[in-house]
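Let's take a walk through a protein together, one step at a time. Have a look at the sequence and the 3D view, and keep them at hand as you read.

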Amino acid sequence: MKKLSLRTRVLTGAVVAVVGAGTFGAMSANASGPAVTTVHAAHHQPAKRLPSTARAWSAAWSGSDPAALGKLFTANGTYTDQAIGVTMTGREQIAGWKARTDATMENVRVTVKDAWREGGHHITIRGVYSGHIKGAPKPFAVPSVTLLDTDGRRITANQDFYNLADVLAQSGLPADWTPAAG
């Protein structure tokens, strides 16, 4: 099992707290003080100056070509969907994840609300993950946070955080719903 860096553990704790609270509003100082400091210490960029990697990542998720997402990653890059608990490794598996998502959902979109680069190789994206699960009565749109690590050119690691229970509830599906096999 891969050991998580201190930065990943601190940011993951902060992201889980923010997403779990269902808001991206201010967080008060508490026992997770370092996480709050780390998140607020990042240099935010105006929306029109989003990191190019964040723009390309969002466009690939919102587009219809699964290979476009895979091409953003290094050959051994990883993509972890924390809400579902799965990790894909390598461009082919990552492109396959996008293809499976597109087969299960219509109008998949990731809308970037804010993104900033920290330390040159770390990008945090705050956005909205939306779509319509095929067969569900209604579409969904939930807050999301994505942590990207890069080698300067390509993504080496991607972690997505969103509330799966909210996706299912907004879609009008039961909490124990799973996609049909195949």
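The paragraphs below go from the overall layout to a few chosen places. Keep in mind that you are looking at a predicted model.

Start with the whole chain. The protein chain has 6 helices and 7 strands, and if you read along the sequence, they come in the pattern α-α-β-α-α-β-β-α-β-β-β-β-α. Of the 182 residues in the chain, 40% are buried. You can also ask how contacts are spread along the sequence. Among the contacts with a separation of 6 or more, 57% join residues 24 or more positions apart.

Now find helix H3, which covers residues 52-62. Its buried residues are Thr 53, Ala 54, Trp 57, Ser 58, Ala 60 and Trp 61. Where do these buried residues fall when H3 is seen down its axis? They fall within an arc of 160°, so they line one face of the helix. A general rule is helpful here: an α-helix has 3.6 residues a turn, so residues three or four places apart point the same way.

Next, move to helix H5, residues 90-104. The structure holds 1 salt bridge, and you will find it here: Asp 102 pairs with Lys 98, and both residues lie in helix H5. Their closest N and O atoms are 2.8 Å apart. In general, side chains of opposite charge can pair when their charged atoms come close. Along the sequence the two partners are 4 residues apart, about one turn of the helix. Are the two partners buried or exposed? Asp 102 counts as partly exposed because its relative accessibility is 22%, while Lys 98 is buried, with a relative accessible area of 0%.

Helix H5 also leads us to the largest pocket, since 5 residues of the lining, the largest share, come from H5. This pocket has a volume of about 540 Å³. It is lined by 27 residues, and those nearest its centre are Ile 84, Trp 97, Thr 101, Thr 104 and Met 105. Several other elements supply at least two lining residues each, including H3, strand S2 and helix H6. What classes of residue make up the lining? There are 18 nonpolar, 6 polar and 3 charged residues.

Strand S4, residues 105-118, also supplies at least two residues of that lining. Two residues in this strand are worth a visit. Asn 107 is found in S4 and counts as exposed, at 56% relative accessibility. Its phi is near 55°, a positive value in a residue other than glycine. Ala 115 is found in S4 too, but this residue counts as buried, at 0% relative accessibility. Now look for Pro 51 in the 3D view. Pro 51 and Ala 115 are 64 residues apart along the chain, yet their C-alpha atoms are separated by 7.0 Å.

Our last stop is Ser 171 in helix H6, which covers residues 164-171. Ser 171 is buried, with a relative accessible area of 0%. Which residues does Ser 171 contact, leaving aside its neighbours within four places in sequence? The partners are Ile 133, Ala 136, Pro 137, Lys 138, Pro 139 and Phe 140. Try picking them out around Ser 171 in the 3D view.

Conventions:
Residues are numbered from 1 along each chain as its sequence is written. This is a predicted model: local features need pLDDT of at least 70, side-chain atom pairs count only at pLDDT 80 or more; totals for chains, interfaces and linings use all residues. Side-chain values use heavy atoms; hydrogens and water are left out. Buried means under 20% relative accessible area, exposed over 50%, partly exposed in between (1.4 Å probe, protein chains only). The arc is that of the directions from the helix axis to the C-beta atoms. Contact means heavy atoms within 4.5 Å. On a 1 Å grid over the protein atoms alone, a cavity is a set of points where a 1.4 Å probe fits but cannot get out, and a pocket is an open set with protein on both sides within 12 Å along at least five of seven lines; lining residues have an atom within 4 Å of a point. Grid points are joined across faces, edges and corners, and a volume is the space filled by probe spheres set on the points. Ala, Val, Leu, Ile, Met, Phe, Trp, Tyr, Cys and Pro count as nonpolar, Asp, Glu, Lys and Arg as charged, and the others, Gly among them, as polar. A salt bridge is a side-chain nitrogen of Lys or Arg within 4 Å of a carboxyl oxygen of Asp or Glu.
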